[in-house]
Amino acid sequence: MAWKGERETLWERAALLGMVGSGFLLALKLVGGFLAGSTAVLADAMDSLADILVSGLAWLGVQLAKRPPDEEHPYGHWDVEPIIGFIVAGLLVIGGIEFARYSLGLFSSPRTPTTLALYVMAIDLGAKIFMAHYTLGAAEKTRSPALKASGENYRSDIYKSAGIILGLWATRQGYPILDPLTGLLVSLWVVKTGLQVGRENALQLMGTVPSPAMKKDIENLVLGTKKVIHTHRVRLHGMGAYFIVDLHVCVDESISLLEAHRVTHDIQRRIVEHFPEVASAMVHIEPLDIHCVRRPPAANQKVDKPSESYKGQPR
């Protein structure tokens, strides 16, 4: 499926961008922070190291998730994406807490670094804006929870870098206490972002319905299929960026088994073609009977009494 190939390409590019970009920023902050005498910049270099690990996990998720289905994983390995996203969320929370501890420690002994620290963080800010924009854009196109987690990480870094710049500027203006205060507030923002990302990925791992609108669109598409009279019990299960669809459809019980088989394949083909984010669709064919009908029949539609073999059988 072409959409899957394009998705994997975008995903890999975004993950590699994160690793290369974070590696460059790590080297820049280590050298610049040491020369400028800025503890804040050196501490932020550790955050860049965490970003490298985050991007590396996202790239690893690409390699694992795109592996074909096997006997142990008949539906593929796409569930690794929210797992990776959950790990990223944990790193965000840990990083935010550690940066908060560092900021609290500066209240007792604030430092005044050189202007080089401002230039270093300005470059970092510009790089994080680009990385966040690119990664979140790729996440939206690919519906990747792992990429979204990485993109949210970069977006939180934008505020953090801006806060560090503000703190460095305030420190040089004679208000050194604003440096650790700003760092503390930014740290709380990072923790909040991590908790939010973790919640979203946890809900996906628990099989939360992705979109009521998507479910309705699938129902309308199925009802437009030839021979289909009614559909119900439409269920969607997320697997990373993809979904598995499970639904029941009602047809006239007088049609042949071969015709019912053709209807099933027609429905599956139409769903996968119209919804590229759907990996597969499982269709359960039912005869039109009193258990199946959920709406008044059309004026020219004859509804026969259910067969004895179907009476009382759960749907």
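**Salt bridges and a pocket in a predicted model**

Lys-160 is buried, with a relative accessible area of 3%, and its partner Asp-157 is likewise counted as buried, at 1% relative accessibility. In this predicted model, the side chains of these residues, Asp-157 and Lys-160, meet in a salt bridge with an N to O distance of 3.9 Å, and both lie in helix H5, 3 residues apart, or about one turn of the helix. The pair also belongs to a network of salt bridges that links Lys-29, Asp-44, Asp-124, Lys-128, Asp-157 and Lys-160.

A search of the whole structure finds 13 salt bridges. Within helix H3, Glu-98 and Arg-101 are 3 residues apart and form a salt bridge of 3.2 Å, N to O; here Glu-98 is partly exposed, with a relative accessible area of 41%, whereas Arg-101 counts as exposed at 56%. A further salt bridge, of 3.0 Å, N to O, joins the side chains of Asp-246 and Arg-235, which are placed in strand S2 and strand S1 respectively, 11 residues apart.

Glu-98 is also among the residues closest to the centre of the second largest pocket, together with Met-46, Asp-47, Ala-50 and Gly-95. This pocket has a volume of about 330 Å³, and its lining of 20 residues divides into 12 nonpolar, 4 polar and 4 charged, with helices H2, H3, H5 and H6 each supplying at least two of the lining residues.

The protein chain as a whole has 8 helices and 3 strands, and buried residues make up 44% of its 315 residues.

Methods. Residues numbered from 1 in each chain as written. Predicted model: local features only at pLDDT ≥ 70, side-chain atom pairs only at ≥ 80, totals over all residues. Heavy atoms only, no water. 1 Å grid on protein atoms, 1.4 Å probe; cavity = no way out; pocket = protein on both sides within 12 Å on 5 of 7 lines; lining within 4 Å. Points joined across faces, edges and corners; volume = space filled by probe spheres on them. Helix = DSSP H or I, 4+ residues; strand = E, 2+ residues; numbered from the N terminus. Nonpolar A, V, L, I, M, F, W, Y, C, P; charged D, E, K, R; others polar. Buried < 20%, exposed > 50% of the residue type's maximum accessible area, 1.4 Å probe, protein only. Salt bridge = Lys/Arg side-chain N within 4 Å of Asp/Glu carboxyl O.
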